[in-house]
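Hi,

Here is the structure I said I would pass on. Have a look first, and my notes follow underneath.

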Amino acid sequence: MKLLARLSLIPFLLLSFAAAAARPMISTVAGDGRQGPTSDGALATATQVDNPFGVVRGPDGALWFCQYTGQVITKITADGRIHVVAGNGKKGYSGDGGPAREANFNLPHELRFDRAGNLFIADMQNHAVRRVDAKTQVITTVAGTGQPGYTGDGGPAAKAQLNQPHSIQFGPDGSLYICDIGNNVIRRIDPATGHIATFAGTGKAGPTPDGSPIAGTPLAGPRSLDFDVAGNLWLVTRAGNQVLKFDLRAGRIHHIAGTGAKGYTGDGGPARDATFNGPKGIAVAANGDVYLADTENHAIRMIEAKTGIIRTVAGTGEKGDGPEGDPLQCKLARPHGVFIDTDGSLLIGDSETHRLRVVK
């Protein structure tokens with residue numbers, strides 16, 4: 001009888017183990033919690049990092065991220081070690097035409113790779129987008145002059161002026177889209193000509209009504225962008241506290257989330273009824289779920305594609321550092337970068353804890 005009783009517990013125990021294994025868990029990928037220069041070649045979790053922002057999986061399989069106030073771009077290789085790949089750690093604007101490791105940055109904000117594996121960096125306070133050649137590791141400027149402004153549409157992007165470009169992403173046709181937040185516009189660089197043009201926004205902040213045409217409609221602080229698998233552009237607006245979807249085929253903008261008011265409400269309900277507080281990052285998963293760095297709420301939130309329901313997936317709404325384990329019990333501190341990895345894991349640039357985190 002005792003044996004039968006024990007055997008009868010096996011299905012229950014298996015279900016319990018499966019449920020435990022299925023629970024999301026948050027842990028640190030890089031950073032020991034101290035702000036400071038990274039020790040090149042060190043274990044990523046045993047060295048300092050300095051304000052991690054944008055993060056992506058590179059074509060080499062490594063995990064790449066910006067260190068915003070560290071003025072460097074770093075990558076974590078399969079052995080768990082961290083390497084500086086661009087920037088000398090000093091603030092400035094120099095190095096074009098030479099090795100990326102010797103260049104100066106001024107608050108590098110986000111990074112992406114093109115189809116050829118070249119690295120592109122939004123060098124925010126230099127008002128430029130820079131490129132590191134995949135083969136030579138030479139850095140050049142591909143957009144911006146280093147001076148803030150709003151000029152150059154219709155001509156070469158390298159001769160145009162930008163104003164604090166924060167986010168960059170490549171569209172389905174290889175075009176480079178830039179959140180030119182200081183000008184309240186999104187700019188687009190044509191891959192064939194290298195010429196730049198305004199894609200969306202009017203140059204002045206304003207409301208973006210649902211269903212509006214892309215051309216001629218204002219934006220309020222276009223802060224971060226990504227594309228879904230269908231080729232739609234998704235945008236989070238910092239000042240507008242909203243999430244917008246751009247249907248490039250129809251030429252229309254759709255309001256997806258956020259009332260426009262500042263707050264931290266709406267979890268468990270329709271995303272359009274939710275409130276945000278200065279959202280600063282966006283990533284669209286392969287299944288269409290949309291993840292947001294709700295920065296001033298110290299949380300990561302997710303809009304479920306099937307239902308349109310929003311919920312918090314990491315953070316407590318209170319600024320802090322950890323603990324690891326349950327992501328809903330882990331305090332974050334002004335997270336900026338979000339990225340959905342190839343295995344569906346959520347990567348977070350948890351900026352002011354000086355940690356790169358992962359939710360598996």
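I'll start with strand β8 (residues 128-132), which is mostly covered, with four of its five residues buried. Buried here means under 20% relative accessible area, with exposed being over 50% and partly exposed in between (1.4 Å probe, protein chains only). Helices (H or I, at least four residues) and strands (E, at least two) are DSSP runs, numbered from the N terminus.

Before you read on: this is a predicted model, where local features need pLDDT of at least 70 and side-chain atom pairs count only at pLDDT 80 or more, while totals for chains, interfaces and linings use all residues. Residues are numbered from 1 along each chain as its sequence is written, and side-chain values use heavy atoms, with hydrogens and water left out.

Back to β8 and its partners. Strand β7 (residues 119-123) pairs with β8 in the antiparallel sense over five bridges; two strands pair if DSSP finds at least two bridges between them. Leucine 119 has valine 132 in β8 as its bridge partner. The two strands, β7 and β8, make a hairpin with four residues between them, and histidine 127 in that turn has a positive phi of about 55 degrees.

β8 also runs antiparallel to β9, joined by four bridges. Here valine 132 stands opposite isoleucine 139 in β9. β8 and β9 form a hairpin too, with six residues between them, and glutamine 137 in the turn has a positive phi of about 65 degrees. As a general reminder, side chains in a regular strand alternate between the two faces of the sheet.

Next, leucine 162, found in the loop between β9 (139-143) and β10 (165-170). Why does leucine 162 count as buried? Because its relative accessibility is 0%. Leaving out residues up to four places away in sequence, leucine 162 touches (heavy atoms within 4.5 Å) a list of residues including His127, Ala128, Val129, Ala143, Asp180 and Ile196. Leucine 162 and glycine 182 are 20 residues apart in sequence, and their C-alpha atoms are 7.8 Å apart in space.

Further along the chain, four strands form an open antiparallel sheet in the order β18-β19-β20-β21. Its edge strands are β18 (281-284) and β21 (310-314), each pairing on one side only. From one strand to the next, the twist averages 25 degrees (axes are lines fitted to C-alpha atoms, for helices over the stretch in contact, and angles run from 0 to 180 degrees between N-to-C directions). β18 pairs with strand β19 (residues 290-294) over four antiparallel bridges, and valine 284 has valine 290 in β19 as its bridge partner.

Cheers
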